[in-house]
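Here are my notes for a colleague who is opening this structure for the first time. Please keep the sequence and the model side by side while reading the points below.

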Amino acid sequence: MAVKIRLKRMGKIRAPYYRIVVADARNKRDGRSIEEIGKYHPTEEPSFIEVDSARALYWLSVGAQPSPQVEAILKLTGDWGIFKGDKDAKSTVKTKEAKVAFVADEKKKPVLKPKAEKPAPVVEAPAEVEEADAAETTEA
């Protein structure tokens with residue numbers, strides 16, 4: 001059985017994303033797969049690439065053949081170099097920068113002003129305390 005590592009197309013028309021799958025070479029492009037080992041979203045900037053390196057290296061070691069597109073992705077992640085014996089292979093995948101948390105400018109006047117908190121009226125209940133004490137003395 002010939003096993004291939006290839007892309008499985010998903011998503012909508014003109015908005016594709018792919019799963020990197022291990023499948024029998026005789027199956028359809030989007031058909032049944034043996035295992036899913038990664039994701040690839042080409043429409044994002046920069047492209048999102050995620051590969052389970054351990055599983056990719058396992059499948060390459062048992063003879064699975066990557067498609068040309070998947071081979072290019074594996075070269076970017078460094079997995080292809082590790083498989084070929086290059087000890088210095090490392091990932092060159094660009095990642096998105098983390099979003100900066102929004103901080104309101106304190107110099108500007110705030111639109112919403114917090115309501116001034118009024119102290120809660122203190123309710124004293126000495127009568128209830130005296131009644132509780134009287135009930136205890138009568139029981140004893």
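1. Of the 140 residues in the protein chain, 23% are buried. The accessible surface of the protein chain comes to about 11500 Å², and carbon and sulfur atoms account for 54% of that surface. Among contacts between residues at least 6 apart in sequence, 32% join residues that are at least 24 apart.

2. Please bear in mind throughout that this is a predicted model. The protein chain has an average pLDDT of 82, and 79% of the residues score at least 70. Among the elements, strand 2 (residues 15-24) has the highest mean pLDDT, at 93, whereas helix 4 (residues 126-139) has the lowest, at 62. As a general caution, predicted coordinates should not be read in detail where pLDDT is low.

3. The secondary structure consists of 4 helices and 5 strands, and along the sequence these follow the pattern β-β-β-β-α-β-α-α-α.

4. Strand 2 is a good place to begin looking at the strands. Strand 2 is mostly covered, with 7 of its 10 residues buried. On one hand, strand 2 runs antiparallel to strand 1 (residues 3-12), to which 10 bridges join it; on the other, 5 bridges join strand 2 to strand 3 (residues 35-41), and this pair is antiparallel as well. Two positions can serve as landmarks when tracing these pairings: arginine 9 has tyrosine 18 in strand 2 as its bridge partner, while isoleucine 20 stands opposite glycine 38 in strand 3.

5. The turn between the first two strands deserves a closer look. Strand 1 and strand 2 form a hairpin with 2 residues between the strands, and arginine 14 is placed in the loop there. The phi angle of arginine 14 is near 60°, which is a positive value in a residue other than glycine. Is arginine 14 buried or exposed? With a relative accessible area of 77%, arginine 14 lies over the 50% cut-off, and it is therefore classed as exposed.

6. Histidine 41 belongs to strand 3, and it can be contrasted with the arginine just described, because its relative accessible area of 18% is under the 20% limit and histidine 41 therefore counts as buried. Which residues does histidine 41 touch, once those up to four places away in sequence are left aside? They are Tyr17, Ser47 and Phe48. The C-alpha atoms of histidine 41 and tyrosine 18 are separated by 6.2 Å, although the two residues are 23 residues apart along the chain.

7. Following strand 3, the loop that leads to strand 4 (48-51) contains proline 46. The peptide bond that joins glutamate 45 and proline 46 is cis, with omega about -10°, and I would ask the reader to look at this bond in the model.

8. My last point concerns aspartate 79, which is located in helix 3 (residues 79-84). Aspartate 79 is buried yet has no salt bridge, and the nearest side chain of opposite charge, that of arginine 55, is 12 Å away. What does aspartate 79 touch, not counting residues up to four places away in sequence? Its contacts are Val51, Ser53, Ala56, Leu57 and Leu74.

How values were computed. Residues are numbered from 1 along each chain as its sequence is written. This is a predicted model: local features need pLDDT of at least 70, side-chain atom pairs count only at pLDDT 80 or more; totals for chains, interfaces and linings use all residues. Side-chain values use heavy atoms; hydrogens and water are left out. pLDDT is the predictor's confidence in each residue, from 0 to 100. Buried means under 20% relative accessible area, exposed over 50%, partly exposed in between (1.4 Å probe, protein chains only). Two strands pair if DSSP finds at least two bridges between them. Lys and Arg count as positive and Asp and Glu as negative; His and the chain ends are not counted. A salt bridge is a side-chain nitrogen of Lys or Arg within 4 Å of a carboxyl oxygen of Asp or Glu. Contact means heavy atoms within 4.5 Å. Accessible areas come from the Shrake-Rupley method with a 1.4 Å probe; for residues, only the protein chains shown count as cover.
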